[in-house]
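Subject: Structure for you to look at

Hi,

Here is the structure I said I would pass on. Have a look at it first, then read my notes underneath.

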Amino acid sequence: MNDKRKVLKERDRPESLLPLQGTKGVAVDPDTGYSYRYESEIDIERKRKFAERNRDKRLFSFGKMERIKDVSLKLDAKKCGYILKLIPFMEYGTGYLLREDGKVMATKTDLGKGLGVCKVSSRNQIIDSLSSVSVLDQDENGYKLNPNLHIKGAVNGKELIKLFSTTLKKLSNDLKPAELGYLYKLLPFVHYETNLICINPHEEKPEEFEFLKQKAISELFGLNITDTNKFLRKCHKNGILFEGSTIDRRERKYYVNPYLFFRKKGQPDKTLESMFASSPYQP
């Protein structure tokens, strides 16, 4: 028997091929003696998804959405922005914040460098504020982010959002801390399937999606409508958010760049890819 083992989709397997006895997923052409391996659609799709997950080498941490919402209500936008500035320094598995030389940030001076804050009084105020709401933890090794809020490593649950380290580091250099904080306050409202900023981010039925209107976003930011619109337009122009509109064009709705923040496994779908095709935050 000539064993070519050409892979065929099960639906494309010719009727003339006969299953090879005692072997799963292999058939033989009785005329030529060649054998062929065939796979079900389910198996092919499973392998595709597995390969896709393995190709996703982007470094990211997870944020727990309900905890982010709780923290962002207790802190002003600027303090929330400093949380995002610390995310790229997280160590995998431990959550410890690492210096550029790979050592754990053990002092407030170390943290100040990570935060980009030189003035001692300002640095200490930020650290005290983040510690008071259990964002920062400190032990004998140094500082870490609370794993009940942000974790870099294996974690279960659907109410999570990924924060990508490399692109987030670039974003931290492009925006002021308060502007970063406005984005942080949006994270609990990012929809799982679409990356739409909405009231019900865990809703599965498309007809039930309720996007977050500008008035609600301005209240979330603590800004007036004019300043909120100015910030949202800046984010759209710079590829951080994508601005869409309702059919009657009376309301605007916004999508978050999936190369910065994303909830699903694998890669963004074609719709999201097209929205952010020219974004500078692609990996």
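Below are my notes on some charged pairs and on one pair of helices.

Before you start, keep in mind that this is a predicted model.

**Salt bridges**

Side chains of opposite charge can pair when their charged atoms come close. How many salt bridges does the structure hold? The count comes to 12, and here are some to find on your screen.

Start with D76 and K79, whose closest N and O atoms are 3.7 Å apart. The two partners differ in how much of them is accessible: D76 has 41% relative accessibility, so it counts as partly exposed, while K79 is buried because its relative accessible area of 14% is under the 20% cut-off.

Next, try K169 and E100, which form a salt bridge with 3.9 Å between the closest N and O atoms. Which parts of the chain does this pair link? Distant ones: K169 sits in helix 6 (residues 165-174), whereas E100 is in the loop between helix 3 (77-86) and helix 4 (108-115), and the two are 69 residues apart. K169 is partly exposed at 41% relative accessibility, and E100 is exposed, with a relative accessible area of 66%.

Now go to helix 10 (residues 270-275), which holds both E273 and K270. Their side chains form a salt bridge at 3.7 Å, N to O. Along the chain they are 3 residues apart, or about one turn of the helix. Is E273 buried, exposed or partly exposed? With a relative accessible area of 29%, E273 is partly exposed, and K270, at 66% relative accessibility, counts as exposed. There is also a network to look for: R67, D70 and K74 are joined into one by salt bridges that share partners.

**Two packed helices**

Two packed helices are described by the angle between their axes and the distance between the axes. Take helix 7 (residues 177-186) and helix 9 (residues 225-237): their axes are 12 Å apart and the angle is about 85°. That angle lies in the range from 65 to 115 degrees, so helix 7 and helix 9 are roughly perpendicular to each other.

Which residues meet there? From helix 7 come E179, Y182 and L183, and from helix 9 come F231, K234 and C235. Sorted by class, this contact has 4 nonpolar and 2 charged residues, with no polar ones.

Write back if you get stuck finding any of these.

Cheers

Technical notes. Residues numbered from 1 in each chain as written. Predicted model: local features only at pLDDT ≥ 70, side-chain atom pairs only at ≥ 80, totals over all residues. Heavy atoms only, no water. Salt bridge = Lys/Arg side-chain N within 4 Å of Asp/Glu carboxyl O. Buried < 20%, exposed > 50% of the residue type's maximum accessible area, 1.4 Å probe, protein only. Helix = DSSP H or I, 4+ residues; strand = E, 2+ residues; numbered from the N terminus. Axes fitted to C-alpha atoms, helices over the stretch in contact; angles between N-to-C directions. Parallel < 35°, antiparallel > 145°, perpendicular 65-115°, else oblique. Contact = heavy atoms within 4.5 Å. Nonpolar A, V, L, I, M, F, W, Y, C, P; charged D, E, K, R; others polar.
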